[in-house]
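Work through these exercises with the model open beside you. Each has a task and a stepwise solution.

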Amino acid sequence: MDLENDALAELDWVIGSVHSYMNLEAAEMTDRLLRALECPHLRVLGHPTGRILLHREAYPFDFEAIAAEAARRNVHLEINASPERLDLNGTLARTAKSRGAKFTISTDAHHPKHLHNMWYGVVTARRGWLGPADVLNTLPAERFRNAIRHN
């Protein structure tokens with residue numbers, strides 16, 4: 001994580017995403033992601049594979065190990081609904097669900113019009129055989145409120 005734990009503790013919601021050093025070997029990237037998951041304030045692992053369609057392939061790492069550790073630590077995996085990312089894909093979402101992972105769907109919006117991309121995330125979740133109980137931001141209001149409270 002780029003910020004110290006005391007700074008992260010002040011935040012309401014922490015999403016961690018890889019934005020640099022994407023050319024590491026698979027074992028190094030897996031270790032890097034596992035270290036990030038150790039952060040007690042991390043709530044979501046954003047665009048988990050780092051791919052950008054037609055521009056950048058996913059970085060190599062042990063996805064099953066990361067999904068299992070995220071599930072163990074109650075860190076949600078993001079399904080990024082941006083048409084440029086669609087990260088996770090349906091197959092990886094299904095794999096992660098089989099490891100006990102939970103998810104969020106977000107649009108990676110950089111402009112209000114990007115919020116319309118949410119549909120792509122819902123379709124991707126369905127391709128991964130996810131239901132409303134698997135996705136944080138589809139929970140009924142009271143369950144959502146309880147789920148986002150700090151541990």
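Residues cover one another here when they are in contact, meaning heavy atoms within 4.5 Å. Buried means under 20% relative accessible area. The model is predicted.

**Exercise 1. Find which residues of helix α5 are buried, and what covers them.**

Step 1. Locate helix α5 at residues 118-127. Step 2. Pick out its buried residues: Gly121, Val123, Thr124 and Ala125 are among them. Step 3. Look at what lies over them: the cover includes β3, α4 and β4. Step 4. Move past the helix to tryptophan 129, which follows α5 and has a positive phi, near 65°.

**Exercise 2. Work out the strand order of the sheet and which strands stand at the edges.**

Step 1. Start with β1 (14-16) and β2 (residues 42-45), which run parallel and are joined by three bridges. Valine 14 stands opposite leucine 42 of β2.

Step 2. Go on to β3: two bridges join β2 to β3, again in parallel. Here valine 44 faces histidine 76. Between these strands the chain passes through α3, in a right-handed β-α-β crossover.

Step 3. Add β4 (residues 103-106), tied to β3 (residues 76-80) by four bridges, also parallel. Isoleucine 79 has isoleucine 105 as its bridge partner, and asparagine 80 has serine 106.

Step 4. Read off the order: β1-β2-β3-β4, an open sheet of four strands with parallel pairing. β1 and β4 have a single partner strand each, so they stand at the edges with one side lacking a neighbour in the sheet. Neighbouring strands are turned by 35° against each other on average, direction ignored.

**Exercise 3. Sort the side chains of β3 by the way they point, and say whether they are buried or exposed.**

Step 1. Recall the rule: in a regular strand the side chains alternate between the two faces of the sheet. Step 2. Sort them: His76, Glu78 and Asn80 point one way, Leu77 and Ile79 the other. Step 3. Check burial: five of the five residues of β3 are buried.

**Exercise 4. Describe how helices α3 and α4 cross.**

Step 1. Find α3 at residues 63-72 and α4 at residues 90-98. Step 2. Compare the axes: they come within 8 Å and cross at roughly 50°. Step 3. Name the arrangement: that angle makes α3 oblique to α4. The crossing is right-handed. Step 4. List the contacts: Phe63, Glu64 and Ala67 of α3 meet Leu92, Thr95 and Ala96 of α4.

Definitions and conventions:
Residues are numbered from 1 along each chain as its sequence is written. This is a predicted model: local features need pLDDT of at least 70, side-chain atom pairs count only at pLDDT 80 or more; totals for chains, interfaces and linings use all residues. Side-chain values use heavy atoms; hydrogens and water are left out. Two strands pair if DSSP finds at least two bridges between them. A crossover is right-handed if, with the strands pointing away from the viewer, the path from the first strand over the helix to the second runs clockwise. Buried means under 20% relative accessible area, exposed over 50%, partly exposed in between (1.4 Å probe, protein chains only). Axes are lines fitted to C-alpha atoms, for helices over the stretch in contact, and angles run from 0 to 180 degrees between N-to-C directions. Angles under 35 degrees count as roughly parallel, over 145 as roughly antiparallel, 65 to 115 as roughly perpendicular and the rest as oblique. A crossing is left-handed if the near helix is turned anticlockwise from the far one by less than a right angle, and right-handed if clockwise.
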